[in-house]
Structures are given as C-alpha cells and as structure tokens.
Amino acid sequence: MSSFNTADFNTAEDWNTLAERVVRHVRNYLGGLDAVARGEAGTHTVPLLLLEVSQVILAGAQLGASADVILPDNWEPEVGEDPDLDAVRQGLAERLALVDDYTEVFDPYKDNESTPYRLSDDLVDVASDLIHGLRHYEKGRPLEALWWWQYSYFNHWGNHAGAALRALHAVVAGARLDVETEPVATS
C-alpha cells in the first residue's frame, strides 16, 4: 500500500513533502528525456521512454489524488520565459522516426474520432509543463510549483503523458508479442 494519503496535505510542511516527491519525478523525467534525445538510450529508446513516462504519471496521479492546491490571492508569480525545447523535440523525433506518428482518442467519453499525435511532441509538451513548475520550485515556491503541476496535469500534460504511455506501451508490447510461431514437432 502506498504511503500517500490526501488527508495528509493540510499544512505547508505537508505540501512541501509532496512537492519534494513530485520534483524527484520531474527531474528524473527531464534527465531521462534529455538523455534519450541525445541518443544515449540506443536500442532501448522506446522501453526507456515507457519507463520515464510511467514514473512521471505516478507524480501526476499523486497530484490528481490530492486536494486542490490553492494559491494565495489566486495568483501565479511570473517565472519568465520557458526554455526552448526544440532540440529535445528534434532529437526525440529522430530517434522515434518509425513510431513517432500515432492516433489517439482525445477524450474517450466525448470524442468519437481519433486525433493524430506525435510522441516527440507529447513528450516535450509534458516536459515544458514540468519545467514551468520546476522553475517555481527552484525559486523557493513549492506551493506555486504544486499548483502549476496539478493544474497543468488536469489541463494539459496529463493527457499528453497518458496518450504517449499508451503509444509507447503498444510499441513495446507489439515487439514482445509479435513473434513468429515455431513449428510444432510431430512424431
């Protein structure tokens, strides 16, 4: 059983504990994504991305299960321009060239048609939202970081991470399950 309990988040100290937990997942995801984009994963690109996305979705699930993070005065302080992630996006697109394009149903309860997606775009969209919150955290504002991560999880990066997870899972499962049947010896 997980040690996570939404009733535990009533004080600034409790929110700080959650922020520390989430920031570890965020940093791991960003580091893993950067390494894959540089080609360091070799033939393990897709399985490694499956692992990275799965782990950051755990952070999102913790944010989704917690009480709403409310900022004082309902205002987010400015963090400046977000970094340009085009080099990461391009590196991922190159490494995922054979599986980058896929289709997904955006909202399984409202949509009837599939939407084209790109893994490289989804993975970088997640990273962009996570970096924005990380910048709050690194400026000593863990509550703002949690607010941003939670808001953007529900509004943006959670959908992209979930879609990417399903696509990556399909690639890995297909590679593992699509084996040729060996002839059965008869006597």
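The bend at a residue is the angle between axes fitted to the seven residues ending there and the seven starting there. Keep that handy for this predicted model, where local features need pLDDT of at least 70, side-chain atom pairs count only at pLDDT 80 or more, and totals for chains, interfaces and linings use all residues. Residues are numbered from 1 along each chain as its sequence is written, and side-chain values use heavy atoms, leaving out hydrogens and water.

Start by selecting residues 142-177, helix α5 (helices are DSSP runs of H or I, at least four residues, numbered from the N terminus). Zoom in on Tyr 153: α5 bends there by about 70°. End to end, α5 spans only 43 Å between its terminal C-alpha atoms, against 52 Å for a straight helix of 36 residues at 1.5 Å a residue (1.5 Å times one less than the number of residues).

Next, add α4, residues 119-138: it packs on α5 at about 165°, axes 9 Å apart (axes are lines fitted to C-alpha atoms over the stretch in contact, with angles from 0 to 180 degrees between N-to-C directions). That makes α4 roughly antiparallel to α5 (over 145 degrees). Colour the contact by residue type and you get 16 nonpolar, 6 polar and 4 charged.

Now swap in α2, residues 45-65, which packs on α5 at about 145° with axes 8 Å apart. This contact has 19 nonpolar, 6 polar and no charged residues.

Last stop: show Arg 27 and Glu 138, a salt bridge with its closest N and O atoms 3.4 Å apart (a Lys or Arg side-chain nitrogen within 4 Å of an Asp or Glu carboxyl oxygen). The pair ties α1 to α4 across 111 residues.

Methods
Helix = DSSP H or I, 4+ residues; strand = E, 2+ residues; numbered from the N terminus. Parallel < 35°, antiparallel > 145°, perpendicular 65-115°, else oblique. Nonpolar A, V, L, I, M, F, W, Y, C, P; charged D, E, K, R; others polar.
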